Amino acid sequence: MTIAQNASKAPQEIVYRRFLRNYYLTSAGFDFVFAYAVYTIFLKLQGLTVFQISLLISWWTLSHLLFEIPTGAWADSWSRRKMLALAPLIKSLCFVVWFFAGGNFYLFALGFLFWSLGGAFASGTSEALLYDTLVRHERRAQYEQVLGQRQFYFYLALAVSGILGGVIANYRIAWTLLASVLPLLLSGYFALLLEEPPKVKST
């Protein structure tokens with residue numbers, strides 16, 4: 001390989017590594033949620049019954065399924081980078097609404113709706129953006145490897161935020177809700193730094 005070829009590949013390598021860094025930070029921040037560890041306890045302390053909590057979780061799952069198809073179609077026709085930036089912002093509204101819910105069942109249901117919509121925005125979109133970017137950089141063979149690395153950071157985010165969430169809840173459980181907003185905002189910021197390659201893989 002000539003010196004000129006090496007020089008041309010160097011900037012591409014920098015761009016690729018920057019993409020991976022921002023991609024991992026976007027994904028990890030989306031699930032670095034302090035409230036994960038204690039939100040069912042919080043709902044119980046707000047006066048909700050076990051049956052009401054079960055209804056809310058069922059509503060959360062159902063609404064996510066309903067959002068999957070339209071958000072997937074939107075990701076194929078709009079900007080995936082912007083969808084990944086919006087996803088954590090929408091999800092963060094869940095915890096803001098819960099903080100001010102004051103035990104209102106319907107406000108908790110609204111919060112779960114924001115959570116499921118944010119999840120649907122990111123579901124599939126993240127994998128499709130990754131695939132398209134790897135194709136652009138001629139690194140398609142690394143797709144499974146990058147997904148595996150992303151999964152590692154996902155579990156790491158869950159573990160660390162779960163422990164810290166328990167510490168925060170020990171002082172005041174409602175603080176875990178507001179504290180969860182910051183990592184989500186950072187996730188949206190890092191998503192905006194991702195490149196937007198031509199679409200190859202459908203969401």
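This presentation describes the overall build of one protein chain and then turns to its salt bridges.

Good morning, colleagues. Please keep in mind throughout that we are looking at a predicted model.

I begin with the chain as a whole. The protein chain contains eight helices and zero strands. Read along the sequence, the pattern is therefore one of α elements throughout, α-α-α-α-α-α-α-α. As for dimensions, the C-alpha atoms fill a box of roughly 70 × 35 × 25 Å along the principal axes.

How do the parts of the chain meet one another? Among the contacts with a separation of 6 or more, 82% are between residues 24 or more positions apart. Of the 203 residues, 43% are buried. The surface that the chain exposes comes to about 10,500 Å², and carbon and sulfur atoms supply 67% of that area.

Let me move to the charges. The protein chain carries 16 positive and 10 negative charges, and the mean positions of these two sets are 6 Å apart. A search of the whole structure finds eight salt bridges. I shall discuss three of them.

Which residues are linked in a network of salt bridges? They are E13, R17 and R139. Consider E13 and R17 to begin with. Their side chains meet in a salt bridge, with an N to O distance of 3.0 Å. Both residues belong to helix 1, which covers residues 3-30, and they are four residues apart, about one turn of the helix. E13 is partly exposed, at a relative accessible area of 24%, whereas R17 counts as exposed, at 57%.

The side chain of E13 also meets that of R139 in a salt bridge, here at 2.4 Å from N to O. This pair links distant parts of the chain, for E13 is in helix 1 while R139 is in the loop between helix 6 (125-136) and helix 7 (143-171), 126 residues apart. R139 has a relative accessible area of 21%, so it is classed as partly exposed.

The last example is formed by E127 and R150, whose closest N and O atoms are 2.9 Å apart. This pair, too, links distant parts of the chain: E127 is in helix 6 and R150 is in helix 7, 23 residues apart.

Is R150 buried or exposed? With a relative accessible area of 13%, R150 falls under the 20% cut-off and is therefore buried. Its partner E127, at 22% relative accessibility, counts as partly exposed.

To close, I return to E13: this residue, R17 and R139 are linked in a network of salt bridges. Thank you for your attention.

Notes: Residues numbered from 1 in each chain as written. Predicted model: local features only at pLDDT ≥ 70, side-chain atom pairs only at ≥ 80, totals over all residues. Heavy atoms only, no water. Helix = DSSP H or I, 4+ residues; strand = E, 2+ residues; numbered from the N terminus. Buried < 20%, exposed > 50% of the residue type's maximum accessible area, 1.4 Å probe, protein only. Contact = heavy atoms within 4.5 Å. Areas by Shrake-Rupley, 256 points an atom, 1.4 Å probe, with all protein chains shown as cover. Lys, Arg positive; Asp, Glu negative; His and termini not counted. Charge placed at Lys NZ, Arg CZ, Asp CG, Glu CD. Salt bridge = Lys/Arg side-chain N within 4 Å of Asp/Glu carboxyl O.
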